[in-house]
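Welcome, and thanks for taking a look at this one. Here is a short tour, grouped by topic, to read alongside the coordinates.

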Amino acid sequence: MPHLRNPMTPRPVTAVHLTQEALRVITDELRTADRTRETGGILLGHHVHDTVTVQHAGTPGPEAIQTPTYFLRDLAHAQTLADQAHAQDHSVWIGEWHTHPTSRPVPSPRDATTYHQLLNDPELAFHSFIAVILGPRGPHRDMAAWTCHNNTITQVAVHDLPRQPRHR
């Protein structure tokens with residue numbers, strides 16, 4: 001997929017920053033999604049030094065597969081978002097976000113397998129893959145960010161950024 005090939009730096013990621021726009025997309029999807037099934041989307045942005053900034057978050061798309069324990073994004077929908085984000089600010093595919101309807105925001109064995117497959121796909125050229133996972137905590141959800149690097153998955157700090165002017 002053009003614009004999904006990843007030019008991330010080889011430095012490990014120690015922090016993930018979510019822009020207000022990306023956080024709004026995730027929050028809007030959570031508000032309208034069926035809480036009994038996983039939902040999610042792609043993450044697009046930039047990797048500079050040891051920090052990833054998520055400029056854009058995707059929604060599942062109309063052809064996504066969503067079950068209580070599995071989520072697979074709509075590839076065509078993701079490609080359209082990736083094309084738009086790249087044209088807007090040169091954002092590239094840096095990871096994905098998804099929910100766990102009944103378990104903690106920790107990568108499942110299936111998640112880990114998927115991340116390792118993506119990291120080891122030479123066509124994608126990932127050095128790191130970012131996963132943002134949301135899981136239930138009472139009536140709310142906890143958010144955790146993970147980085148997959150050298151086939152190791154490590155939790156990293158996640159921060160939301162104040163609103164920033166759009167790049168032209």
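Over residues 16-149 the chain is 29% helix and 40% strand, with the end C-alpha atoms 14 Å apart. That stretch matches a feature that UniProt, in an unreviewed entry, lists as "domain: MPN" at residues 16-149. Please keep in mind that this is a predicted model. The notes below visit a buried threonine, a helix and its ends, two unusual phi angles and a group of aromatic rings.

**Thr-39 and its surroundings**

- Thr-39 sits in the loop that runs between helix H1 (20-32) and strand S2 (40-48).
- Although Thr-39 belongs to a loop, its relative accessible area is 1%, so Thr-39 counts as buried, the cut-off being under 20%.
- The side chain of Thr-39 makes a polar contact of 3.1 Å with the side chain of Gln-66.
- Leaving aside residues up to four places away in sequence, Thr-39 touches several others, among them Glu-29, Leu-30, Pro-60, Phe-71, Trp-97 and His-98.

**Helix H2, from cap to end**

- Helix H2 covers residues 75-89, and its 15 residues should span 21 Å at 1.5 Å a residue; the end C-alpha atoms are 21 Å apart, which agrees.
- At the N-terminal end, Asp-74 acts as a cap for H2, with a side-chain oxygen 3.1 Å from the backbone nitrogen of Ala-76.
- Which residues of H2 are buried? They are Ala-78, Gln-79, Leu-81, Ala-82, Ala-85 and Asp-89.
- These buried residues cover an arc of only 165° around the axis, which puts them on the same side of H2.
- An α-helix has 3.6 residues a turn, so residues three or four places apart point the same way.
- Ala-76 and Ala-87 are exposed, and they are carried on the face of H2 turned away from its buried side.
- What covers the buried residues of H2? The cover includes S2 and strand S3 (51-57).

**Two positive phi angles**

- Most residues other than glycine have a negative phi, which gives the next two residues some interest for anyone checking backbone torsions.
- His-90 comes just after H2 and takes a positive phi of about 65°.
- His-90 lies in the loop between H2 and strand S6 (92-99), and its relative accessibility of 54% means that His-90 counts as exposed.
- Ala-125 also has a positive phi, near 60°, and is found in the loop between helix H3 (109-119) and strand S7 (128-137).
- With a relative accessible area of 24%, Ala-125 is partly exposed.

**Aromatic rings**

- How many aromatic pairs does a search of the whole structure find? The search finds 4.
- One of them joins Tyr-115 and Phe-129, whose ring centres are 5.4 Å apart with 35° between the planes, a tilted arrangement.
- Tyr-115 lies in helix H3 and Phe-129 in strand S7, so this pair ties together parts that are 14 residues apart in sequence.
- Phe-126 and Phe-129 have ring centres 5.2 Å apart and planes at 85°, so this pair is edge-to-face; the cut-off for that label is over 60 degrees.
- Are these rings buried or exposed? Tyr-115 and Phe-129 are both buried, Phe-129 having a relative accessible area of 0%, and Phe-126 counts as buried at 6%.
- Ring pairs link Trp-93, Tyr-115, Phe-126 and Phe-129 into a cluster.

Notes. Residues are numbered from 1 along each chain as its sequence is written. This is a predicted model: local features need pLDDT of at least 70, side-chain atom pairs count only at pLDDT 80 or more; totals for chains, interfaces and linings use all residues. Side-chain values use heavy atoms; hydrogens and water are left out. UniProt positions are given in the numbering used here, feature names are shortened, and annotations may be inferred rather than shown by experiment. Helices (H or I, at least four residues) and strands (E, at least two) are DSSP runs, numbered from the N terminus. Buried means under 20% relative accessible area, exposed over 50%, partly exposed in between (1.4 Å probe, protein chains only). A polar contact is a pair of N or O atoms within 3.5 Å; within protein, one must be able to donate a hydrogen and the other to accept it, and residues adjacent in sequence count only if both atoms are side-chain atoms. Contact means heavy atoms within 4.5 Å. The expected span of a helix is 1.5 Å times one less than its number of residues. The arc is that of the directions from the helix axis to the C-beta atoms. Rings of Phe, Tyr and Trp (its six-membered ring) pair if their centres lie within 6.5 Å; planes under 30 degrees apart count as stacked, over 60 as edge-to-face and the rest as tilted.
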